[in-house]
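Open the model in your viewer and keep the sequence panel in sight. This tour goes from one selection to the next.

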Amino acid sequence: MHNLFITILIAVFLCKSSVESLSGGWKSIPNLSDPTVVDIGRFAVDEHNKEFYAALTFGQVVKGESQVVEGVNYNLTITAVDGSAENSYVALVWDKPWDQSRQLVFFTGPI
Ligand SMILES: *[C@@H]1O[C@H](CO)[C@@H](O)[C@H](O)[C@H]1NC(C)=O
Ligand SMILES: *[C@@H]1O[C@H](CO)[C@@H](O)[C@H](O)[C@H]1NC(C)=O
């Protein structure tokens, strides 16, 4: 029983450290026209519209960085048109490609 407990502890520890070693710092995204990046930007605006009954129209991604954490976090600065005014917003999206799930972590702006 005692051994089993220790084995579980070690397994949890190994698992945790392998996840940590997979996650890195923020790296700026070299190509903001990358279809995945544009898709994430569009997704962020769509989600924000749904959550806040807003009606922003996605423009483009003007700045972005990504971080590997059990998937990829995207921190994007995007432009969107609100009525007739074009503004910039910052959105953080957590993308987990293997289970095709995306989550809008936050959306702030206009900045
Ligand atoms: C950026 O990505 C787009 C779409 O994939 C591609 O057309 C373009 O050539 C890329 N630009 C650079 C500088 O790699
Ligand atoms: C995301 O990017 C914006 C604009 O560059 C920056 O102000 C903000 O601190 C970043 N957020 C995170 C969580 O890195």
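## Start on a strand pair

Select K27 and S66: in β2, S66 is the bridge partner of K27. The model is predicted, so local features need pLDDT of at least 70. Now extend the selection to strand β1, residues 27–28. Two bridges join β1 to β2, and the two strands run antiparallel.

## Along the hairpin

Select β2 (56–68) and β3 (72–82). These two strands pair in the antiparallel sense over ten bridges. For one position across the pair, pick T57, which stands opposite V81 in β3. Then go to the turn. β2 and β3 form a hairpin, with three residues between them. Stop at E70 in that turn and check its backbone: phi is positive, about 45°.

Next, select Q67, which is found in strand β2. Is Q67 buried or exposed? Q67 counts as buried because its relative accessibility is 17%, and the cut-off for buried is under 20%. Show its neighbours. Leaving out residues up to four places away in sequence, Q67 touches G24, G25, W26, V72 and N73.

## Ligand 2

Select ligand 2 and display the residues around it: W26, K63, E65, N75 and T77. The protein buries 52% of the 360 Å² that ligand 2 exposes when taken alone. Which strands supply at least two residues each of this shell? They are β2 and β3, the strands of the hairpin. By character, the shell divides into one nonpolar, two polar and two charged residues.

Two distances deserve a label here. A polar side-chain atom of K63 lies 2.7 Å from an oxygen atom of ligand 2. On N75, an N or O atom of the side chain is 2.4 Å from an oxygen atom of ligand 2.

## Ligand 1

Move to ligand 1. The residues around ligand 1 are N31, S33 and P35. Label the side chain of N31: one of its N or O atoms is 2.4 Å from an oxygen atom of ligand 1. Taken alone, ligand 1 exposes 360 Å², and the protein buries 27% of that.

## The whole sheet

Show the cartoon and colour by strand. In which order do the five strands lie in the sheet? The order is β1-β2-β3-β4-β5, in an open sheet with antiparallel pairing. The edge strands are β1 and β5 (101–108), each of which pairs on one side only.

Select β4, residues 85–96. Seven bridges join β4 to β5, and these strands run antiparallel. To see one of the partners, pick L92 and F106: in β5, F106 is the bridge partner of L92.

## Zoom out

Select the protein. How many helices and strands does the protein have? It has two helices and five strands. Read along the sequence, these elements follow the pattern α-β-α-β-β-β-β.

Now colour by accessibility. Of the 111 residues in the protein, buried residues make up 32%. Switch on the surface. The accessible surface of the protein comes to about 7,300 Å², and 59% of that belongs to carbon and sulfur atoms.

End with a contact map. Take contacts in the protein between residues at least 6 apart in sequence: 42% of these join residues at least 24 apart.

How values were computed
Residues are numbered from 1 along each chain as its sequence is written. Chains are lettered from A and ligands numbered from 1 in the order in which they are written. This is a predicted model: local features need pLDDT of at least 70, side-chain atom pairs count only at pLDDT 80 or more; totals for chains, interfaces and linings use all residues. Side-chain values use heavy atoms; hydrogens and water are left out. A residue is near a molecule or strand if one of its heavy atoms lies within 4 Å of it. A polar contact is a pair of N or O atoms within 3.5 Å; within protein, one must be able to donate a hydrogen and the other to accept it, and residues adjacent in sequence count only if both atoms are side-chain atoms. Accessible areas come from the Shrake-Rupley method with a 1.4 Å probe; for residues, only the protein chains shown count as cover. Helices (H or I, at least four residues) and strands (E, at least two) are DSSP runs, numbered from the N terminus. Ala, Val, Leu, Ile, Met, Phe, Trp, Tyr, Cys and Pro count as nonpolar, Asp, Glu, Lys and Arg as charged, and the others, Gly among them, as polar. Two strands pair if DSSP finds at least two bridges between them. Buried means under 20% relative accessible area, exposed over 50%, partly exposed in between (1.4 Å probe, protein chains only). Contact means heavy atoms within 4.5 Å.
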